[in-house]
Amino acid sequence: MKKIAVFTSGGDSPGMNACVRAVVRTAIFKGLEVYGIYRGYEGMIDGDIKRLQSHSVSNIVQRGGTVLKSARSMEFKTPEGRKKAYDNLKAHGIEGLVAIGGDGTFTGAKIFFEEYGIPTIGCPGTIDNDLYGTDYTIGFDTAVNTALEAIDKIRDTAAAHDRIFFIEVMGRDAGFIAVESGIGGGAEFVMVPETKTDLNDVVKSLKNNRKNRFSSIVVVAEGDEAGNAQTVMEIVKNKVNDPTKDFKVTTLGHIQRGGNPTARDRVLASRCGMSAVEGLLAGHQFHMAGVVNQQVVFTPFVDCIGMNKPLIADHLKLMKILSI
């Protein structure tokens, strides 16, 4: 293998640039030519492919977002689109790929590999931390700390006015951000998609806590089956039925995707990027490079996107104990 390419796809996450940097410099260190594919699968179809040098990735390790840009490609979901992408890769002599992204990125890579057989190693770039085969995903730690900073600030104003705040964090299908930011932020209740929420329990918890506390925080993952933070707040407010209580909603939204990555995310991203290149050279063809128990492991794409990654049981227990 003499030429490889790296791309970022799907939702951006802090640390993607650190991963790109590690891929490029590891490839050069190993004597490979390395190319950047801009705008993910869409750029692969359009031939937006450029050779990268060591200086191409200078001064990006600390930056959020992705210098390679990202896009969601409907055309790549068609056989014709994937054929265009393959032809462009072959025109550049590219023999291996490093795909940085999440579930959707790896699903596309799986189909592409099955059709054209180009070895592809994935790096887990998603703030949701929902990929099986790695303890943490690139961007998760930064997203949690961003959410935590917001929760701390909201609690200040909540305490000043004796308010109940419902704070919505990202997590369409996974509650990892909600759980860790909720524990770290001292939330009175955390709602996640993995467990069914009885809103009567939320009401009971708030009533009990209001006897001894000046403010209350409820963290709601956006994918909770009970609804988003606004919906949940309105239902709970009607159940409480107390005009003296002041209810507020804050949706953190895409602020969780941005910002400078934490040291933990930069190191994780760099390890995954380096390992992805080494994995290609070692003959891995259809795997994600992740870190489990501080060791790099290669997990088949079919397991990464097909197996459920459960929340940590101790974290769920901790939430209940610390909220009394």
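Domain bounds in this text come from an automatic or database domain assignment. The model examined here is predicted.

**Exercise 1.** State which residues make up each domain, and how far apart the C-alpha centres of domain 1 and domain 2 lie.

*Solution.* Step 1: the assignment gives domain 1 as 3-139 + 261-306, and domain 2 as 143-257. Step 2: between the C-alpha centres of domain 1 and domain 2 there is a distance of 35 Å. Step 3: domain 1 brings 11 residues to the contact, and domain 2 brings 10 residues.

**Exercise 2.** Describe the interface of domain 1 and domain 2 by its buried area, its salt bridges and its polar contacts.

*Solution.* Step 1: about 830 Å² is buried between domain 1 and domain 2, and carbon and sulfur atoms give 52% of this area. Step 2: sorted by class, the side of domain 1 that touches domain 2 consists of three nonpolar, five polar and three charged residues. Step 3: the count of salt bridges between the two domains is zero. Step 4: two residue pairs are in polar contact across the interface, both at pLDDT 80 or more.

**Exercise 3.** Locate E188, decide whether E188 is buried or exposed, and name the backbone atom that its side chain reaches.

*Solution.* Step 1: E188 lies in the loop between α6 (176-184) and β7 (189-191). Step 2: the relative accessible area of E188 is 3%. Step 3: buried means under 20% relative accessible area, so E188 is buried. Step 4: the side chain of E188 reaches the backbone nitrogen of I217 at 2.5 Å.

Methods
Residues are numbered from 1 along each chain as its sequence is written. This is a predicted model: local features need pLDDT of at least 70, side-chain atom pairs count only at pLDDT 80 or more; totals for chains, interfaces and linings use all residues. Side-chain values use heavy atoms; hydrogens and water are left out. Contact means heavy atoms within 4.5 Å. Buried area is the accessible area (1.4 Å probe) that two parts lose on being put together, summed over both. A salt bridge is a side-chain nitrogen of Lys or Arg within 4 Å of a carboxyl oxygen of Asp or Glu. A polar contact is a pair of N or O atoms within 3.5 Å; within protein, one must be able to donate a hydrogen and the other to accept it, and residues adjacent in sequence count only if both atoms are side-chain atoms. Ala, Val, Leu, Ile, Met, Phe, Trp, Tyr, Cys and Pro count as nonpolar, Asp, Glu, Lys and Arg as charged, and the others, Gly among them, as polar. Helices (H or I, at least four residues) and strands (E, at least two) are DSSP runs, numbered from the N terminus. Buried means under 20% relative accessible area, exposed over 50%, partly exposed in between (1.4 Å probe, protein chains only).
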